[in-house]
Structures are given as structure tokens and as C-alpha cells.
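Me: Please take a close look at how side chains join up in this structure, beginning with one charged pair and then moving outward to the other links. I am in my first year, so please go slowly and tell me where each partner sits and whether it is buried or exposed.

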Amino acid sequence: MAAGTAWPQTAVPLQQAPAQLAPSPGNGQVPGPQSDAPQPAAPENPGLFNEMGKMLEKSLSILPSLKSPGETLDELHAKTKDVVKDAGESLSRLATPSSMATGRIPCPAAANGAADCKMAADRLCQSKGFKEGKSLSTDSVEACSAKVLIPGRTRKPGDCRTDNFVTRALCQ
């Protein structure tokens, strides 16, 4: 087993011998005036525990300060109150029966060929005296030409089309 030099884990206190503090009667020396100068600070102990302590002190300064339970509950209560208020306002707007319109308005074809049911919902709401609307329910019907009914004739791709209708809309 090889031994080497190592740093001590605790600081070694510097001690003065009692013989140096008091004058000895035999040598006739009078001690000089003691100065009130501060003693130099003990050198920093570079041991493992000292380094771990420094690391913990630094990590605590990085962490955010914790709130008290009362402050946390107050903040949570305020946020919950706002959410409930907003949800109540949204539900009250949705649940008003006068803003609901029912009917059957066909959805016109948009430029890309798909059905434009927003326009149909607007027309349904305008027929009930509102400005605009959003479709809540739709209906689809396959409409075919009379050629499909001819016995023995095979069905071709252009013989039928799907028509979409708005049946219920939320109006504003």
C-alpha cells in the first residue's frame, strides 16, 4: 500500500505556547505591546466536505424561492375563479335557445369542390334574423340521375353526387 500526501479534512489550529505569552523571569525579556490587529483568516480547507458545502450553497442560490402554502392557494383560487367565469360565459352563450336555428339549407360547392357549409350556416341564421352562424349538424344525401334506375345499365362515376345540408346552426 503506497502512502502519499493528502489535505486534512479539518483545519489544524495554530496554538501558541503559554511560555511565549508570559515573560520568563530568568531571561529578563519584556514582551512587546500586543497589537489589536485582526488575526489572519484561517486558510480555506479544500477537503471533500468543504467542496460539497460550496456546491450546495451555489445550488440553493439558483433555485427559485418557494411560496408559502397560503400564497399558492390564493394564486390557484384566483386562476380557478377566472377559468370558471370564462367557462360560464361561454356556456351561457351556447345554451341560449334563441341563438339556435334549425332548417335545411344546402351547402354550395366551394372552389376546391368541397361543400362550403359555413356559407349555408350563415344563410340559415340570416333567415332567422341573425348576422352569421356556425353549423352544428349536417346531413348528407346521395342524389343520382334517373339513368341509374335503367335495368342492366352499369353505374358510371358521374351518375351520382353527394349533397350536404346544414340542419342546425349556432347563430350570432
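Reply: Asp139 is partly exposed, with a relative accessible area of 30%, and this value, like every other one here, comes from a predicted model. The partner of Asp139 is Arg104, and the two form a salt bridge in which the closest N and O atoms are 2.7 Å apart. Because Arg104 belongs to strand E1 and Asp139 to strand E2, this salt bridge ties together parts that are 35 residues apart in sequence. Arg104 is itself partly exposed, at 43% relative accessible area, and Arg104 also has a second contact, since it lies over the face of Phe165, at 4.0 Å from the ring centre. Pairs of aromatic rings are another matter, for the count of those comes to zero.

The salt bridge of Arg104 belongs to a count of eight, and two others can be described with their surroundings. In helix H3, which covers residues 69-95, Lys79 and Glu75 lie four residues apart, about one turn of the helix, and their side chains meet in a salt bridge with an N to O distance of 3.5 Å. Lys79 counts as exposed at 51% relative accessibility, whereas Glu75, at 33%, counts as partly exposed. In helix H4, Asp122 and Lys118 are likewise separated by about one helical turn, being four residues apart, and they form a salt bridge of 2.9 Å from N to O. Here Asp122 is buried, with a relative accessibility of 17%, while Lys118 is partly exposed at 40%. Both of these residues, together with Glu132, are linked in a network of salt bridges.

Helix H4 also leads us to the disulfides, of which a search of the whole structure finds three. Cys107 and Cys117 form one of them, with their sulfur atoms 2.3 Å apart, and the link is right-handed, with 105° about the S-S bond. Cys107 sits in the loop between strand E1 and helix H4 and Cys117 in helix H4, so that the pair, 10 residues apart, links distant parts of the chain. Both ends are buried, Cys107 at 12% relative accessible area and Cys117 at 17%.

Another disulfide joins Cys125 to Cys171, with 1.9 Å from S to S, and this link is left-handed, with -80° about the S-S bond. Since Cys125 lies in helix H4 and Cys171 in strand E3, the pair ties together parts that are 46 residues apart in sequence. Cys125 is buried, with a relative accessible area of 0%, and Cys171 counts as buried too, at 4%.

A disulfide also joins Cys144 to Cys160, at 2.0 Å from S to S, and it is right-handed, with 110° about the S-S bond. Cys144 is in strand E2 and Cys160 in strand E3, so this pair ties together parts that are 16 residues apart in sequence. Cys144 is partly exposed, with a relative accessible area of 36%, whereas Cys160 is buried, at 16%. With the bonded cysteines counted along the chain, the disulfides follow the pattern 1-2, 3-6, 4-5.

Note on methods:
Residues are numbered from 1 along each chain as its sequence is written. This is a predicted model: local features need pLDDT of at least 70, side-chain atom pairs count only at pLDDT 80 or more; totals for chains, interfaces and linings use all residues. Side-chain values use heavy atoms; hydrogens and water are left out. A disulfide is a pair of cysteine sulfur atoms within 2.5 Å. Helices (H or I, at least four residues) and strands (E, at least two) are DSSP runs, numbered from the N terminus. Buried means under 20% relative accessible area, exposed over 50%, partly exposed in between (1.4 Å probe, protein chains only). Rings of Phe, Tyr and Trp (its six-membered ring) pair if their centres lie within 6.5 Å; planes under 30 degrees apart count as stacked, over 60 as edge-to-face and the rest as tilted. A charge sits over a ring if NZ of Lys or CZ of Arg is within 6 Å of the ring centre and within 35 degrees of the ring normal. A salt bridge is a side-chain nitrogen of Lys or Arg within 4 Å of a carboxyl oxygen of Asp or Glu.
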